Amino acid sequence: MDDGLRRCWWATGERPDPLMQAYHDDEWGTPVRDDVELFERLALESFQAGLSWRTILAKREAFRAAFRGFDPDVVAAFDDADRERLMGDAAIVRNRAKIEATIGNARATLALIGEAGSVGTYLESLVPPPPRRLPPTAVAGDIPATTPDSDRLSKDLARRGFKFVGSTIVYAFMQSVGLVDDHLPMCFRYRGAGETLG
């Protein structure tokens, strides 16, 4: 599926991958405000730790089914039977610590919404818009794994009881939900400072 568009290096690989390209083209770096979607993205980034993002994308629909659409109200109420159901589900990543973290993070998400009004409002209080963008001279090696913003957000989430929210995971989450925009200058989705996606 070569459409002639230039993309960030990770979205193309040696052979075009429709799943990775669609994620890159339609989601990565695009601002997200919906609480359920933000919770899902954080959960998926947590599950990705130690694995490839391609693996998680391939299992995304199975994750959505297993975690009942990632509605934090629903996931926060998961009990021992749900934990065992998830551990027995071969279609997802069966890691008990990550499953427990996702259930606990749903509860922490509800508390955060109760305090801030929404996850998006909370995130923007720590990482105000507009998203930081790469300069026109940037190359792949210029994209950081962590930043002072991800360090600060990671520490605050951990203080609030979130698990699997180290700075590297949090920075990947920030990239995913458009708190930063790390599309490279050679990419068709690149926007310089002051430009918006249209």
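The second largest pocket of this predicted model holds about 150 Å³ of space. A pocket is here an open set of points on a 1 Å grid over the protein atoms alone, with protein on both sides within 12 Å along at least five of seven lines, and lining residues have an atom within 4 Å of a point. A volume is the space filled by probe spheres set on the points. Of the 14 residues lining the second largest pocket, Pro31, Glu124, Val177, Gly178 and Leu179 are the closest to its centre. Helix H8 (residues 119-126) gives the most to this lining, with 3 residues. Helices are DSSP runs (H or I, at least four residues), numbered from the N terminus.

The largest pocket contains about 470 Å³ of space. It is lined by 17 residues, and Trp10, Trp28, Trp53, Ala172 and Gln175 are the closest to its centre. Helix H1 (18-26), helix H2 (35-48) and H10 each supply at least two lining residues, and the largest share, 5 residues, comes from H10.

The two linings are set out by class below; Ala, Val, Leu, Ile, Met, Phe, Trp, Tyr, Cys and Pro count as nonpolar, Asp, Glu, Lys and Arg as charged, and the others, Gly among them, as polar.

| Lining | Nonpolar | Polar | Charged |
|---|---|---|---|
| Largest pocket | 13 residues | 3 residues | 1 residue |
| Second largest pocket | 10 residues | 2 residues | 2 residues |

Helix H10 (residues 167-176) also packs against helix H9 (residues 148-159), at an angle of about 110° and with the axes 8 Å apart. H9 is therefore roughly perpendicular to H10 (65 to 115 degrees; under 35 is roughly parallel, over 145 roughly antiparallel and the rest oblique). Axes are lines fitted to C-alpha atoms over the stretch in contact, and angles run from 0 to 180 degrees between N-to-C directions. In this contact (heavy atoms within 4.5 Å), H9 contributes Asp149, Ser150, Asp151, Leu153, Ser154 and Leu157, and H10 contributes Ser167, Val170, Tyr171 and Met174. By class, these are 5 nonpolar, 3 polar and 2 charged residues.

Helix H6 (residues 80-87) and helix H7 (residues 96-116) pack at about 135°, with their axes 10 Å apart, and are therefore oblique to each other. Arg83, Glu84, Leu86 and Met87 of H6 meet Arg96, Ile99, Glu100, Ile103 and Arg107 of H7. This contact has 4 nonpolar, no polar and 5 charged residues.

Residues are numbered from 1 along each chain as its sequence is written. In this predicted model, local features need pLDDT of at least 70, side-chain atom pairs count only at pLDDT 80 or more, and totals for chains, interfaces and linings use all residues, while side-chain values use heavy atoms, with hydrogens and water left out.

Technical notes. 1 Å grid on protein atoms, 1.4 Å probe; cavity = no way out; pocket = protein on both sides within 12 Å on 5 of 7 lines; lining within 4 Å.
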